[in-house]
Amino acid sequence: MAPIEYDYGVESLFEDDYKDAKAYYKRALQFQNETHAFSLVFNIASVALERYLVALCELHGEEPMNHNFITLMITVDKLIKVPKELSKEVKSLDQIFGICFLDTYFHGKPVEADAERTLRMCKEVEKLFDEGKMLSVRTALKCAEQYTD
């Protein structure tokens, strides 16, 4: 894969979105453990998944054009190798939770299995983050901050 020229504005967004993703995921697990409605678990896990995908894009210097699951996965698939089944499964969430479709917004009715699989997808997507890449972006951002101070 060709090296990406960094727009530090995009990569600097990565850290916040990654932290948000982890926090939403943790909250979704908490709600699941506290036996809240599975629709609530699904909604919070879906936000976590969306944040993870946005953070992956930003980590690789790409700002996603849209935040629905299909567009996010198309972008992530171009940036890194993603298991085909995971990519397909993430994209399928737009059938239930059509976020960022302004003209045709809808929110279907998730079933309990949807909450479970969305939590699983969060876990699988988190494994796609390359620790080395994260370290290099964090280091580059620290260097850039030193020069702007």
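Here are some notes on this predicted model, going from the whole chain down to a few residues.

1. Overall make-up. The protein chain has 6 helices and 0 strands, so there is no surprise in the order of elements from the N terminus: α-α-α-α-α-α. Of its 149 residues, 44% count as buried.

2. Contacts and surface. If you take the contacts in the protein chain with a separation of 6 or more, 68% come from residues 24 or more positions apart. The chain exposes about 8,700 Å², and carbon and sulfur atoms supply 56% of that area.

3. The buried side of α3. Helix α3 covers residues 69-79, and its buried residues are F69, L72, M73, T75, V76 and L79. These residues sit on the same side of α3, because the arc they cover around the axis is only 160°. Their packing partners are α2 (38-59) and α4 (84-92).

4. How α2 meets α3. The axes of these two helices are 9 Å apart, and the packing angle is about 35°. If you want the handedness too, the crossing is left-handed. On the α2 side, the residues involved are S46, L49, E50, L53, V54, L56 and C57; they meet F69, L72, M73, T75, V76 and L79 in α3. Those α3 residues are also the ones listed as buried in that helix.

5. N68, just ahead of α3. Have a look at this one in the viewer. N68 is placed in the loop between α2 and α3. Its relative accessibility is 2%, and the cut-off for buried is under 20%, so N68 counts as buried.

6. What the N68 side chain does. At the start of α3, a side-chain oxygen of N68 comes to within 3.2 Å of the backbone nitrogen of I70. A polar atom of the N68 side chain also lies 2.7 Å from the backbone nitrogen of T71. Both backbone nitrogens, that of I70 and that of T71, are thus listed with a polar atom of this side chain.

7. A23, for contrast in setting. A23 lies in helix α1, which spans residues 8-33. Is A23 buried, exposed or partly exposed? Its relative accessible area is 47%; buried would need under 20% and exposed over 50%, so A23 is partly exposed. As for its surroundings, A23 and I44 are 21 residues apart in sequence, with a C-alpha to C-alpha distance of 9.9 Å in space.

Technical notes: Residues numbered from 1 in each chain as written. Predicted model: local features only at pLDDT ≥ 70, side-chain atom pairs only at ≥ 80, totals over all residues. Heavy atoms only, no water. Helix = DSSP H or I, 4+ residues; strand = E, 2+ residues; numbered from the N terminus. Buried < 20%, exposed > 50% of the residue type's maximum accessible area, 1.4 Å probe, protein only. Arc of directions from axis to C-beta. Contact = heavy atoms within 4.5 Å. Polar contact = N/O pair within 3.5 Å; in protein donor to acceptor, adjacent residues only side chain to side chain. Areas by Shrake-Rupley, 256 points an atom, 1.4 Å probe, with all protein chains shown as cover. Axes fitted to C-alpha atoms, helices over the stretch in contact; angles between N-to-C directions. Left-handed = near helix turned anticlockwise from the far one by under 90°.
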